[in-house]
Amino acid sequence: MQRIYRQLAAIAVFSFFWGGMVQQSNAQQSKAQQSGAQQNGAQQSGAQESAAQGGAKTWSKAAPASPAGAKLTPGQKFVIDTVRMAVALPESDQQDRLRVLSTAADVVSPIDKKMAKNFWTEGARIESDLVRLGQTPAVSMMSGGQVDCAVALSFVENVPDGSVLLAEQSLIGAITTCPKQTLDPVSSKLDAGLEKHVVASRALMAAMSAHGEKSAWSQQRFAKMFSSLPDPKANAAEAENLAAMYTQMAGSVDKDVAAKAGLQLLTWLGKVEDSPLRTMSIHITTGAMQQALGNEAYQSALQSDLVANATAQNAGQDREIERPQPDNVSVLAAMSNSGTDQTEQLRGLPPAERARAAAAQGFATGTAGNKQQAGKYFDMAFSAGDEVWDARAPETNAAEVIQEISEAAAQVDSLNALTRAQKLHDSSAQAIGMLAVARVVASNGVTR
């Protein structure tokens with residue numbers, strides 16, 4: 001049983017810490033990966049495989065870098081012109097502006113590094129402004145690993161002391177990309193956060209890794225963070241991260257410190273509302289305590305704290321944790337129905353599902369050679385996309401829907417897809433759609 005808990009802990013540690021860190025190693029590549037179908041037979045096979053695996057689809061692949069000084073191809077010129085037009089569109093919402101800049105930098109970087117650098121710099125400034133306003137950035141330019149170290153340092157210095165949790169992913173990016181310039185300032189911000197009982201556990205782990213887990217700084221902050229835990233009711237979602245943090249460090253600190261911190265965490269978890277995540281976090285913590293202290297010392301520690309002991313004893317059995325799942329529309333199913341008109345069946349679907357399903361049908365029909373029918377499906381997809389955007393809600397990723405339908409249309413006819421994206425109601429949606437088309441053209445060239 002303890003082996004199972006240790007495995008759960010290892011998975012949690014990986015997901016809570018490296019989930020943010022791997023973005024740095026991937027920053028040199030385009031975030032777009034081929035998970036939809038392409039135009040020729042081999043590409044359609046790839047789409048079928050992606051559809052069978054499920055998950056949100058991206059209809060393009062990473063573009064190869066353009067050699068310095070090389071003459072631009074027609075496709076590359078199209079990409080640069082489209083990116084410029086998209087970025088020039090006004091966005092009333094700074095979160096939307098950040099999304100646009102992040103995508104634009106990603107798309108244009110292999111072709112024009114200087115242009116991308118300007119987008120990274122502006123995006124980092126907006127990211128900083130959002131954090132100062134008390135908002136978590138929708139995307140993090142800082143975490144991409146491309147922002148200049150001087151810009152990264154300025155970002156860190158401008159993070160309010162109580163906002164380290166909002167800026168957590170950005171701070172991890174700063175430490176990973178520019179440790180020499182930002183490690184000490186980030187450490188100071190994390191210290192100031194702990195004084196206010198704001199525990200950015202993943203950023204603390206990144207800082208401890210950079211300082212060295214055996215360093216005096218890391219040892220002291222490990223003890224301090226578990227004596228400075230935030231309000232359990234308002235921060236229940238942090239349970240897994242805190243348990244993973246404890247697991248990562250418990251074996252590197254003095255056993256008395258590990259015992260005290262473990263009891264403090266169990267006491268805190270005891271005040272969190274019951275949920276499968278809470279149960280798993282308790283089991284991870286007790287498993288890590290046993291491994292770090294040994295069974296006899298672990299039992300002795302529990303007996304010394306009635307509340308922590310009750311939390312451990314009454315945790316119950318692990319239950320399945322419901323994680324948010326991306327909307328899944330099967331391209332494979334669309335291909336199998338490409339010979340029959342599906343418009344009536346699509347009309348009754350909710351807007352987001354209708355947009356994705358119509359785009360899938362449009363792709364399948366268009367790549368099969370019937371562009372007229374594909375156009376009808378894309379009419380429906382973009383109309384539904386407008387509905388999704390107009391009724392934006394946190395539980396619906398409207399930007400992702402616009403991106404997906406635009407990329408699907410671009411695979412069939414990129415010029416037509418660009419026109420469709422430019423006709424979307426909202427300028428931010430237009431920019432996102434245009435950039436999605438540019439991403440496809442960067443991979444495949446202009447299609448008609």
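Colleague: How many helices and how many strands does the protein have?
Modeller: This is a predicted model, and what follows describes that model. Its secondary structure is counted from the N terminus in runs of helix and strand, and the count for the protein comes to 22 helices and zero strands.

Colleague: What share of the residues in the protein is buried?
Modeller: A residue counts as buried when its relative accessible area is under 20%. Taken over the 448 residues in the protein, the buried ones make up 54%.

Colleague: Which residues have the most contacts inside the largest nonpolar core, and which helix gives the largest share of this core?
Modeller: The largest nonpolar core has 120 residues, and those with the most contacts inside it are Val83, Phe119, Phe226 and Tyr246. The largest share of this core, ten residues, comes from residues 427–444, that is, from helix H22.

Colleague: Which residues does phenylalanine 119 touch, if residues up to four places away in sequence are not counted?
Modeller: Phenylalanine 119 is one of the residues with the most contacts inside the largest nonpolar core, and Val83 is another of them. Once residues up to four places away in sequence are set aside, the residues that phenylalanine 119 touches are Val83, Val87, Leu101, Ala104, Ala105, Val108 and Met141.

Colleague: Why do the buried residues of H10 line one face of the helix?
Modeller: Helix H10 runs over residues 216–226, and its buried residues are Trp217, Ser218, Arg221, Phe222, Met225 and Phe226. An α-helix has 3.6 residues a turn, so residues three or four places apart point the same way. Looking down the axis of H10, one finds its buried residues on one face of the helix, because they fall within an arc of 140°.

Colleague: Which helices are included in what covers the buried residues of H10?
Modeller: The buried residues of H10 include Phe226, which is also among the residues with the most contacts inside the largest nonpolar core. The cover over the buried residues of H10 includes helices H8 (179–195), H9 (201–211), H11 (239–250) and H12 (255–270).

Colleague: Where does histidine 197 lie, and what is its phi?
Modeller: Histidine 197 lies in the loop between H8 and H9, and it counts as partly exposed because its relative accessibility is 41%. Although histidine 197 is not a glycine, its phi is positive, at about 60°.

Colleague: Which residues is glutamine 181 in contact with, leaving aside its neighbours within four places in sequence?
Modeller: Glutamine 181 is found in helix H8 and is partly exposed, with a relative accessible area of 35%. Its C-alpha atom is separated by 8.3 Å from that of alanine 152, although the two are 29 residues apart along the chain. Leaving aside neighbours within four places in sequence, the residues in contact with glutamine 181 are Cys149 and Leu153.

Colleague: Which residues line the second largest cavity, and what is its volume?
Modeller: Rolling a probe the size of a water molecule over the atoms shows where empty space is left, and the count comes to two cavities of 30 Å³ or more. The second largest cavity is lined by Met142, Gly145, Gln146, Val147, Ala152, Gly173, Ala174, Thr177 and Cys178. Its volume is about 30 Å³.

Colleague: How do the residues of that lining divide, and which helix gives the most to it?
Modeller: The lining of the second largest cavity divides into five nonpolar, four polar and no charged residues. With three residues, the helix that gives the most to this lining is H7 (residues 168–177).

Colleague: Which residues does methionine 85 touch, not counting residues up to four places away in sequence?
Modeller: Methionine 85 is found in helix H3 (residues 74–88) and is partly exposed, with a relative accessible area of 39%. Methionine 85 and alanine 431 are 346 residues apart in sequence, yet 7.9 Å apart in space, C-alpha to C-alpha. Residues up to four places away in sequence not being counted, methionine 85 touches Gln422 and Met434.

Colleague: Is histidine 283 buried or exposed, and what is its relative accessible area?
Modeller: Histidine 283 is found in helix H13 (residues 276–293), and its C-alpha atom is separated by 8.9 Å from that of alanine 243, 40 residues apart along the chain. Histidine 283 is buried, with a relative accessible area of 7%.

How values were computed: Residues are numbered from 1 along each chain as its sequence is written. This is a predicted model: local features need pLDDT of at least 70, side-chain atom pairs count only at pLDDT 80 or more; totals for chains, interfaces and linings use all residues. Side-chain values use heavy atoms; hydrogens and water are left out. On a 1 Å grid over the protein atoms alone, a cavity is a set of points where a 1.4 Å probe fits but cannot get out, and a pocket is an open set with protein on both sides within 12 Å along at least five of seven lines; lining residues have an atom within 4 Å of a point. Grid points are joined across faces, edges and corners, and a volume is the space filled by probe spheres set on the points. Helices (H or I, at least four residues) and strands (E, at least two) are DSSP runs, numbered from the N terminus. Ala, Val, Leu, Ile, Met, Phe, Trp, Tyr, Cys and Pro count as nonpolar, Asp, Glu, Lys and Arg as charged, and the others, Gly among them, as polar. A nonpolar core is a set of buried Ala, Val, Leu, Ile, Met, Phe, Trp, Tyr and Cys residues joined through side-chain atoms within 4.5 Å. Buried means under 20% relative accessible area, exposed over 50%, partly exposed in between (1.4 Å probe, protein chains only). Contact means heavy atoms within 4.5 Å. The arc is that of the directions from the helix axis to the C-beta atoms.
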